[in-house]
Amino acid sequence: MTRPGSGLKSRTRAGVWVVAAGLALTLSGGPPAGADTDTPQGTALAGALDRILADERLDGGAASVVVQDAESGEVLYAHESDDRLMPASNTKLATSVAATALLGTDHRFRTDVLADGRQRGSVLRGDLYLRGTGDPTILAKDYDKLAEEVADSGIKHVFGDLVADDTRFDDQRLGRSWAADDESAYYSSQISPLTVAPDTDYDAGTVYVEAAPGDEPGDEPKVTVTPPNDYVTVDVRGTTVAEGETDTLSIDREHGNNTIVVDGDIPVGANPTRSWTAVWEPTGLAAAVFADALAEHGVRVHGDTRLGRAAPDDADVLAAHDSMKLEDLLVPFMKLSNNNHAEVLTKAVGHEVAGEGTWDAGLSAIEDYLAKEGVDTSTLRQVDGSGLSRMNNIPSAELAQLLVSVRDAPWFDAWYASLPVACESDRMVGGTLRSRMCDTPAASNVHAKTGSLTGASGLSGYVTDADGRELVFSILLNNYLASSVKGIEDAIAVTLATHGEDGTRRITPPTARNGEPPAHVECSWLKPRHC
């Protein structure tokens, strides 16, 4: 395992300007006054962090921050660390460690095709079942391979129905208090144990829609949907306009159905408008994609497609697909802060521990696991796996406790590798931190989970200081009105990376840079990709 600090750059001298993601960060030496009273003693580190938290962008807001020695657990700094705040996607720290511990790094999600009936020659007289257990990484090509295996079994005609068995989980598709205006956003996609992803970011439960201009003004935009399917209906109301005119084209799904409306103007020669759009009822999308694949392989289903019925226990397995191992799935999940993955894992944990694929069962199992790691679960509230709900409340002290405690877990290396890494340009390494803290001692050093909602931001993880000591930190910032407070988080993390026995270099928090993506959502949730 490569721990923070293995690639640590030489220490920066006081008074030198450090450039981070195109921003000037001032390093200032000497122990400033005003150490936080929550901290055991007035130290240079405490003074430096206090001054960062005095940034006017937090005026009227709330901050819960803690820094600990990763090895001993000694608290080196604390500011309102027992205050419970909205953690946003820092919630995924709890979900991911519990899922890894309770399911195991070798866990795979299996998707089966089963026959309930009698096969004679090329004819199956009975129903064909497609059964899912939660795989959020399954693609159209995987359904095609399943259909090919069915065809290879000799079946050409199914005199019965195609039944989508999504009974591993309950039928509650959306999390508690998720925002209604996010309903069609891919980062708020519905949760089902039977789904399909349109890409290798594994945005399960969504379709990728691209609308390009027509050849001439007055033409309809040219629209493609991935994966191709007839489950969604595209209603093209938009128009191609003359080159140079304003591009107003939008792509939205109507509430409660799968009509995707393409409306507005797109100029000749303009770049296509793109949307990753959550579907209504992803089980049906998976069934539709599989039905098309069966037809492509010459298997005709003479009955209907039905959703939500369990396959009989004595049904024969005709084909199966196993997902990647959980230790591999953790990478796109955590690096890109994938909400769907978090919720699938929550329900999968519920099924594993209690035999119920529900949020209640999964969250209860996560809470029990956190308690075993020394987290005071009486001080927190977790209502989903991803942090998309604004009802989640966690103190930074409990997140830090978790980060300290899991370091000796047998699966820690695999989990640690899934955390985003500051200023690592590869999306599956740097993830949501890939453009942050560049050209500072925190680059390639900070391994941490980001979090963003309107008025809520977080950064919690690991950093190695200037003396080679591993630190754990958790930063939760809430109720601010500024467009972004990411610079404050970065300044704290870089300050920790400069901390050592001979002093601490305080970093002046930068302001938001031009073109910075909106801070109300994770940068990886914005398409095309911002990180």
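**A tour of one disulfide and one sheet**

The count of disulfides in this predicted model comes to 1. To see this disulfide, select Cys-423 and Cys-438, which it joins with an S to S distance of 2.0 Å. Such a link is a covalent bond between the sulfur atoms of two cysteines. Look along the S-S bond next: the angle about it is 105°, and the link of Cys-423 and Cys-438 is right-handed.

Now show the surrounding backbone. Cys-423 sits in the loop between α9 (412-416) and α10 (427-430), while Cys-438 sits in the loop between α10 and β22 (447-453), so the pair ties together parts that are 15 residues apart in sequence.

Turn on the surface for the two cysteines. Cys-423 has 22% relative accessibility and counts as partly exposed. Cys-438 has a relative accessible area of 14%; because buried means under 20%, Cys-438 counts as buried.

Next, select residues 206-212, which form strand β10, and add β11 (222-226) and β17 (273-278). These strands make an open sheet of 3 strands in the order β11-β10-β17, with antiparallel pairing. β11 and β17 stand at the edges; each has a single partner strand, so one side of each is left without a neighbour in the sheet. On average, neighbouring strands of this sheet are turned by 20° against each other, direction ignored.

Zoom in on β10 and β17. They pair in the antiparallel sense over 6 bridges. In general, strands of a sheet pair through backbone hydrogen bonds. For the last stop, which residue of β17 stands opposite Val-207? Select Thr-277 to see it.

Note on methods:
Residues are numbered from 1 along each chain as its sequence is written. This is a predicted model: local features need pLDDT of at least 70, side-chain atom pairs count only at pLDDT 80 or more; totals for chains, interfaces and linings use all residues. Side-chain values use heavy atoms; hydrogens and water are left out. Two strands pair if DSSP finds at least two bridges between them. Helices (H or I, at least four residues) and strands (E, at least two) are DSSP runs, numbered from the N terminus. Axes are lines fitted to C-alpha atoms, for helices over the stretch in contact, and angles run from 0 to 180 degrees between N-to-C directions. A disulfide is a pair of cysteine sulfur atoms within 2.5 Å. Buried means under 20% relative accessible area, exposed over 50%, partly exposed in between (1.4 Å probe, protein chains only).
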